[in-house]
Amino acid sequence: MKVIVNGQEREVGVTNLRELVEELGFDVNRYVVVVNNEIIPKSRVAEITLKENDDIEILTIMGGG
C-alpha cells in the first residue's frame, strides 16, 4: 500500500498507524501525528487503519523559549 509520509510517497507493509510510526523509528509518545489534516490523539493512534494514499505528517514538538 502506498501512503505519503512527510511529503514523500512510501510503500508500506503495515496497515495500522501505530505500526507505521514505530516502523519508521519514531516514538509515538514524542510526536504528533496528523492523517489527512486531522490531528490524531495519542490515545487513538493504535486504532487508526491506514488507507491507500493517506497523507501522514509526523511532527516533532519543540519546547523552548
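Guide: Two strands pair if DSSP finds at least two bridges between them. The model shown here is predicted.

Visitor: In which sense do β3 and β5 pair?
Guide: Pairing takes at least two bridges. Strand β3 covers residues 31–35, and five bridges link β3 to β5. One of the partnerships sets Tyr31 against Thr60 of β5. The sense of the β3 and β5 pairing is antiparallel.

Visitor: And how do β1 and β5 run, parallel or antiparallel?
Guide: Strand β1 spans residues 2–5, and β5 spans residues 55–60. Two bridges join them, and at least two are needed for a pair. β1 and β5 run parallel.

Visitor: Which residue of β5 is the bridge partner of Ile4?
Guide: Ile4 belongs to β1, on the face whose side chains are not buried. Val5 bridges to Ile56 in β5. For Ile4, the partner in β5 is Asp55.

Visitor: How many bridges join β1 to β2?
Guide: Strand β2 takes in residues 8–11 and runs antiparallel to β1. One partnership is that of Val3 with Arg10 in β2. The bridges joining β1 to β2 number four.

Visitor: In the hairpin of β1 and β2, which residue takes a positive phi?
Guide: The hairpin has two residues between its strands. Phi is near 50 degrees at the residue in question. That residue is Asn6.

Visitor: Which residues of β1 point to one face and are buried?
Guide: In a regular strand the side chains alternate between the two faces of the sheet. Strand β1 shows this alternation: Lys2 and Ile4 point to one side and are not buried. Buried here means under 20% relative accessible area. Pointing to the other face, and buried, are Val3 and Val5.

Visitor: In what order do the elements of the protein chain run from the N terminus on?
Guide: The chain holds one helix and five strands. Strands β1 and β2 form a hairpin with two residues between them. The order from the N terminus is β-β-α-β-β-β.

Visitor: What is the radius of gyration of the protein chain?
Guide: The chain has 65 residues, for which a compact globule would have a radius of gyration near 11 Å. The value for this chain agrees with that. Its C-alpha trace spans about 40 × 25 × 20 Å along the principal axes. The radius of gyration is 11 Å.

Visitor: What share of the contacts with a separation of 6 or more comes from residues 24 or more positions apart?
Guide: A contact means heavy atoms within 4.5 Å. One pairing across the sequence is Tyr31 with Thr60. Residues 24 or more positions apart account for a share of 54%.

Visitor: How far apart are the centres of the positive and negative side chains?
Guide: The protein chain carries 7 positive side chains. Its negative side chains number 12. The two centres are separated by 5 Å.

Visitor: Is Val34 buried or exposed?
Guide: Val34 lies in strand β3. Beyond four places in sequence, Val34 touches Ile39, Asp55, Ile56, Glu57 and Leu59. Its relative accessible area is 12%, and the cut-off is under 20%, so Val34 counts as buried.

Visitor: What is the relative accessible area of Met1?
Guide: Met1 sits in the segment before β1. Its contacts more than four places away include Arg10, Val14 and Leu50. The C-alpha atoms of Met1 and Val14 are 8.2 Å apart, with their positions 13 residues apart in sequence. Met1 is partly exposed, at 22%.

Visitor: Where is Asn36 found?
Guide: Asn36 has a positive phi of about 50 degrees, though not a glycine. Its relative accessible area is 40%, which makes the residue partly exposed. Strand β4 covers residues 38–40. Asn36 is found in the loop between β3 and β4.

Visitor: Does Asn37 count as buried or exposed?
Guide: Asn37 has its place in the loop between β3 and β4. Its phi is positive too, about 70 degrees, and Asn37 is not a glycine. Relative accessibility is 77%, and the exposed class starts over 50%, so Asn37 counts as exposed.

Methods:
Residues numbered from 1 in each chain as written. Predicted model: local features only at pLDDT ≥ 70, side-chain atom pairs only at ≥ 80, totals over all residues. Heavy atoms only, no water. Rg over C-alpha atoms; globule rule 2.2 N^0.38 Å. Lys, Arg positive; Asp, Glu negative; His and termini not counted. Charge placed at Lys NZ, Arg CZ, Asp CG, Glu CD. Buried < 20%, exposed > 50% of the residue type's maximum accessible area, 1.4 Å probe, protein only.
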